[in-house]
Amino acid sequence: MSPHTSRRGLLFGTAAVSAGAFLAGCTSNEVKDDKPAANDQPAAGDKPGKHVTIGFAGPQADHGWLNAINDNAESRAKKYSDVTLEITEGSNDTAAQIGQIETLINKKVDVLVVLPADGKALTQVGLKAMRAGIPVVNLDRVFNTPQAYRCWIGGDNYGMGLNAGHYIGEKLKGKANARVIELAGLDNLELTKQRTQGFDDALKNYPNIKKVARQAADFTVESGQAKMAQLLQAQPEFDALWNHDDDQGVGALRAIQQAGRDDFLMVGGAGALSAFQAIKQDNSVLKATVLYPPTMAASAIDLARALGQGKGVGGLAEYEIPASITLYSAVVDKDNVDRYMPTGFR
C-alpha cells in the first residue's frame, strides 16, 4: 500500500524535481543591496564538500512505492563522492526498526533519514537521535513531535484528492448531472481520510457533479479488482472514477476490462510506471494519475547532506534548510507523461 502520512507545511518543489535542484542551483546571490544569507553561507551544491555519513532507515519495501523510496535514496547518495550511506534492512516491526536506528545512533552517523514504519511508535528514537546531536530528516510518516526531527519532508494526501477532484471537475464541467465514484484505500488510515476529504472539497466547486458511490480497497491488486467489480455492478452509469492508488488500480483496470466498460474516465494515484505507460498508450479509461512522489527520498538525502555540511538550500535566503517541506501532488496525463516517466515506480 501507499502508507503516507502528510503534513501540509512549506509548499516546495514538484513531484519530479527533488530538493537537489535547489541545493545544486545556487551558491551565491548577485543582489548587491540586500544580501541574502546564501551569500555568506553557500547552499549545498554538486561540488564535493565536507564528508557526511547518512544513516537511512525505512520500513519493509512491501509495495512498489516503498521500493522506489529505497532506490531513490541509494541512487541519490551515489551521486555524491562526499556521502556515505548506511542503509538498514527495512522492517515493518517497530521494535526491529527502533533497534536498527539505535545501531545507527551508536555508530555516530552525521545525519539520520528515517521513514518510520509507525510515526508515533518511533517518536522516542527520533528524540534520542536529536538529543545525541544527530539531526533527523523525518521522511513522510511524521513523528508525534517536531522535537524528534530537524526537518520533515513528505507528500500531501489532501492535495492528491484536491487535484484529482479538480482534474475530474474540469473534464466534466460541461456535463449536466455528472456522476463520479471513488475507489479509496484502507479506511482505517488517516491518509485515506485526507485523500477523500481533498477530493470531496474539490468537487464542491462543481455543482453539476455528484459523488454517487465509494468503496474502500486495501492498496493491493486483488482488492482493487474485487472492489471495482462491486462498484461496476452497483453503478451501471457514471462519468468518472478516482482510484487512490495505482497498484490497486491494476486490479481495478482488470475488472473494468472484464466488464467491457469504457464509458468513463479514470484518474489514479501515486505515480506507478504501469499507470504512466497506460496513460501514454491512451487505450484504456485511465487518463491521468495524481502523484505522491517517491523522489522525496532523493530530496531527503540532499537535505541530510546539506545539514551535515552546515549549508542551506539553493534559491532560499536563509542559512538553514527549512523545517518542513510538503511536496506538490502534480497531475500526470498524456500532455506531460513523458516528463514524469523516469520517476514511475514498479
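This is a short chat about three residues of the structure above.

User: Before we start, what kind of model is this, and how are residues numbered?

Analyst: This is a predicted model, in which local features need pLDDT of at least 70 and side-chain atom pairs count only at pLDDT 80 or more, while totals for chains, interfaces and linings use all residues. Residues are numbered from 1 along each chain as its sequence is written, and side-chain values use heavy atoms, with hydrogens and water left out.

User: Okay, where is Asp333?

Analyst: Asp333 is in strand E12, residues 331-333, where strands (E, at least two residues) are DSSP runs numbered from the N terminus, as are helices (H or I, at least four residues).

User: Which residues does Asp333 touch?

Analyst: Leaving aside residues up to four places away in sequence, Asp333 touches Tyr167, Ile279, Lys287 and Ala288, with contact meaning heavy atoms within 4.5 Å.

User: And how far away is the nearest side chain of opposite charge?

Analyst: That side chain belongs to Lys171 and is 5.2 Å away, and Asp333, although buried, has no salt bridge. Buried means under 20% relative accessible area, exposed over 50%, and partly exposed in between (1.4 Å probe, protein chains only); a salt bridge is a side-chain nitrogen of Lys or Arg within 4 Å of a carboxyl oxygen of Asp or Glu.

User: What does the side chain of Asp333 reach, then?

Analyst: The side chain of Asp333 reaches the backbone nitrogen of Asp335, at 3.0 Å.

User: Switching topic: is Lys108 buried or exposed?

Analyst: Lys108 is exposed, with a relative accessible area of 68%, and has a positive phi of about 60 degrees although it is not a glycine.

User: What about Asp140, buried or exposed?

Analyst: Asp140 counts as buried, at 0% relative accessibility, and lies in the loop between strand E4 (136-139) and strand E5 (151-154).

Definitions and conventions
Lys and Arg count as positive and Asp and Glu as negative; His and the chain ends are not counted. A polar contact is a pair of N or O atoms within 3.5 Å; within protein, one must be able to donate a hydrogen and the other to accept it, and residues adjacent in sequence count only if both atoms are side-chain atoms.
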